[in-house]
Amino acid sequence: MPSLAELKDRQRPAPRHADARVQKLIHFFEQLQLADLAQLPRLYTPEAYFKDPFHSVQGVAEIDAIFRRMFTNLQAPRFTVHSVIAEGAQCFMTWDFDALRNGRPLHIHGSSHLLFDLQGPGGAAPRLLGRG
């Protein structure tokens with residue numbers, strides 16, 4: 001069973017992507033800390049939709065609540081993005097999520113389909129319409 005120090009040692013450089021919107025997302029999620037949740041309104045549109053195997057919510061406040069529960073219930077949560085395909089308004093990422101739950105390692109390999117708001121402020125602003 002890996003320790004917290006071993007989980008942190010699994011860090012590796014984030015993948016680079018030519019699309020600045022995508023690079024911003026990779027950086028945000030791989031560096032995510034509780035204090036960063038204040039930035040969610042700049043990342044998600046007000047009507048953003050979030051769906052995973054445990055949640056299906058709409059709105060920034062509801063998405064914020066999911067991440068706050070993650071930081072409350074888990075120790076050292078960390079996303080590691082492995083691959084990205086992006087074109088136009090769509091982005092697909094594969095990632096690993098590692099944390100400790102009650103002192104035991106938790107590892108989830110997953111993927112996200114993201115939709116960028118191309119009509120928002122700035123045209124191609126890196127604000128998400130959906131994630132999950």
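In this predicted model, a good place to start is the side chain of S112, which makes a polar contact of 2.9 Å with the side chain of W95. From there we can step back through the strands, the overall make-up of the protein and its largest pocket.

**Around S112**
- S112 belongs to strand β5, which covers residues 104-116.
- Is S112 buried or exposed? Its relative accessibility is 2%, and buried means under 20%, so S112 counts as buried.
- S112 also has T94 for company: their C-alpha atoms are separated by 6.6 Å, although the two residues are 18 apart along the chain.

**The hairpin of β3 and β4**
- Strand β3 takes in residues 75-87 and strand β4 residues 90-101; the two pair in the antiparallel sense, with 10 bridges between them.
- If you would like one pair to look for, V84 has M93 in β4 as its bridge partner.
- Two residues sit between these strands in the hairpin, and G88 adopts a positive phi near 60° there.

**The hairpin of β1 and β2**
- Strand β1 (residues 44-51) and strand β2 (residues 56-58) run antiparallel and are joined by three bridges.
- Here, F50 finds its bridge partner in β2, at V57.
- Four residues lie between β1 and β2 in this hairpin.

**The protein as a whole**
- Four helices and six strands make up the secondary structure.
- In which order do they come along the sequence? The pattern reads α-α-α-β-β-α-β-β-β-β.
- The protein has 132 residues, and 42% of them count as buried.
- Take the contacts between residues at least 6 apart in sequence: 44% of these join residues at least 24 apart.
- The accessible surface amounts to about 7500 Å², and carbon and sulfur atoms account for 56% of that area.

**The largest pocket**
- How much volume does the largest pocket have? The value comes to about 590 Å³.
- The lining is made up of 23 residues, and those closest to the pocket centre are D52, F54, H55, F97 and I108.
- Strands β1, β4 and β5, together with helix α4 (60-73), are the elements that give two or more residues to this lining.
- That list brings us back to β5, the strand in which S112 lies.

Technical notes
Residues numbered from 1 in each chain as written. Predicted model: local features only at pLDDT ≥ 70, side-chain atom pairs only at ≥ 80, totals over all residues. Heavy atoms only, no water. Pairing = 2+ DSSP bridges. Buried < 20%, exposed > 50% of the residue type's maximum accessible area, 1.4 Å probe, protein only. Polar contact = N/O pair within 3.5 Å; in protein donor to acceptor, adjacent residues only side chain to side chain. Contact = heavy atoms within 4.5 Å. Areas by Shrake-Rupley, 256 points an atom, 1.4 Å probe, with all protein chains shown as cover. 1 Å grid on protein atoms, 1.4 Å probe; cavity = no way out; pocket = protein on both sides within 12 Å on 5 of 7 lines; lining within 4 Å. Points joined across faces, edges and corners; volume = space filled by probe spheres on them.
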